[in-house]
Amino acid sequence: IEFHVRVYITMNYSFRNKYFLLFLSSLLFWFIFSDKTYAAAVDLSIVKSNTSTTPIGTNDAPFGGTIKYTLTITNVATTNATGFSITDTLPVGITSATWTCATTGVANCGTGTGGGTGNVAITGASINNTTGTNNIVITITGTAPFSGTFPTPVSNTATVTKGAGDTEVPLGNNSSNIVINVNYEDFGDAPNSYGTLFASNG
């Protein structure tokens, strides 16, 4: 009895193992030779910078002066990016903000065509793949706070989000933050001379 049991177990295992290997072989054959279509991924990138015309330093702006941000959005993948959104909620204290949206190459500002006022909230934008120089550039102009501590750091983050029909990898370049120090402007004739000049002229 013991002998027959062992033979049965061995034969049963071999039988199952054979069909398992056959299943794996069929699966591999399908994977190699079947007609499959995979959705290629987009790769949207956004970079925010301080482009104020009279900055005190690289990331500075004077109290009550003009503050300017530039957002540059690109698609560094080989697949066209469509239906994506761009948002930038401006910090408290920045007033009278307006913005424009321009494109280079094959791109579209979506609902941002023609620009706007206040916060940036664009939907339906598109950028073709990297076969050409394609990008979206948003320029935001506003008035810096008139008062605050010395200096006043103003942090701002802009974000780009893929369209509903797109797949995207990686996601680490979908937001960009910059901190601008709103500060006294030194004209070189006295410490904190901008504040002194502003006060002396009423």
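**Exercise 1. In this predicted model, find which residue lies over the face of Tyr69, and then follow Tyr69 into its surroundings.**

Solution. Begin with the ring itself: Lys48 lies over the face of Tyr69, at 3.9 Å from the ring centre. Next, look across to strand 9, where the bridge partner of Tyr69 is Ile140. That bridge belongs to the pairing of strand 3 (residues 66-75) with strand 9 (residues 135-143), which runs in the antiparallel sense over nine bridges. Finally, ask about aromatic neighbours: a search of the whole structure finds zero aromatic pairs.

**Exercise 2. Work out which residues of the largest nonpolar core touch the most other members, and which strands supply that core.**

Solution. The largest nonpolar core has 33 residues, and those that touch the most other members are Tyr69, Ile73, Phe84, Ile86, Ile136 and Ile138. At least two residues of this core come from each of strand 1, strand 3, strand 4, strand 5, strand 8, strand 9, strand 10 and strand 11. As a worked case, take Ile73 and leave aside its neighbours within four places in sequence: among its contacts are Phe84, Ile86, Ile136 and Ile138, which are themselves listed with the residues that touch the most other core members. The contacts of Ile73 also include Ser45, Ile46, Ile127, Asn135 and Val160. As a general background, nonpolar side chains tend to be buried together in soluble globular proteins.

**Exercise 3. Set out the order of the strands in the open sheet of five strands, and explain what distinguishes its edges.**

Solution. The order is 1-3-9-5-7, and the pairing is antiparallel. Strand 1 (44-50) and strand 7 (116-117) stand at the edges and have a single partner strand each, so one side of each is left without a neighbour in the sheet.

**Exercise 4. Do likewise for the open sheet of six strands, and then trace the pairings around strand 4 and strand 10.**

Solution. Here the order is 2-11-10-4-8-6, with mixed pairing. The edge strands, each pairing on one side only, are strand 2 (60-62) and strand 6 (107-108). Moving inward, strand 10 and strand 11 (residues 175-183) pair in the antiparallel sense over eight bridges, and within strand 11 it is Val182 that stands opposite Thr152. Strand 4 (residues 81-88) and strand 10 are also antiparallel, over four bridges, with Ala158 of strand 10 as the bridge partner of Asp88. Strand 4 then pairs with strand 8 (residues 120-127) in the antiparallel sense over five bridges, and there Thr87 stands opposite Ala121.

The two faces of strand 10 (residues 152-161) complete the picture: Thr152, Val154, Asn156, Ala158 and Val160 make up the covered face, whereas Pro153, Ser155, Thr157, Thr159 and Thr161 make up the uncovered one.

**Exercise 5. Is Ser96 buried or exposed, and what marks its backbone and its surroundings?**

Solution. Ser96 is placed in strand 5 (residues 95-104). Its relative accessibility is 62%, and because the cut-off for exposed is over 50%, Ser96 counts as exposed. Its backbone has a positive phi of about 55° although Ser96 is not a glycine; most residues other than glycine have a negative phi. For the surroundings, leave aside the neighbours within four places in sequence, and Ser96 is in contact with Thr141, Gly142 and Thr143. Ser96 and Gly118 are 22 residues apart in sequence, while their C-alpha atoms are 7.2 Å apart in space.

**Exercise 6. Describe the disulfide and the cis peptide bond.**

Solution. The structure holds one disulfide, formed by Cys101 and Cys109, with their sulfur atoms 2.1 Å apart. The torsion about the S-S bond is about -90°, so the disulfide is left-handed. Both Cys101 and Cys109 are buried. Turning to the peptide bond, the one that joins Val169 and Pro170 is cis, with omega at about -10°, and Pro170 is found in the loop between strand 10 and strand 11.

**Exercise 7. How many helices and strands does the protein chain have, and in what order do the elements run?**

Solution. The count comes to two helices and eleven strands. From the N terminus on, the elements run α-β-β-β-β-β-β-β-β-β-β-β-α. Of the 202 residues of the chain, 33% count as buried. Among contacts with a separation of 6 or more, residues 24 or more positions apart account for 72%.

Conventions: Residues numbered from 1 in each chain as written. Predicted model: local features only at pLDDT ≥ 70, side-chain atom pairs only at ≥ 80, totals over all residues. Heavy atoms only, no water. Buried < 20%, exposed > 50% of the residue type's maximum accessible area, 1.4 Å probe, protein only. Pairing = 2+ DSSP bridges. Contact = heavy atoms within 4.5 Å. Phe/Tyr/Trp six-rings, centres within 6.5 Å; stacked < 30°, edge-to-face > 60°. Lys NZ or Arg CZ within 6 Å of the ring centre and 35° of its normal. Core = buried A, V, L, I, M, F, W, Y, C linked by side-chain atoms within 4.5 Å. Disulfide = S-S within 2.5 Å.
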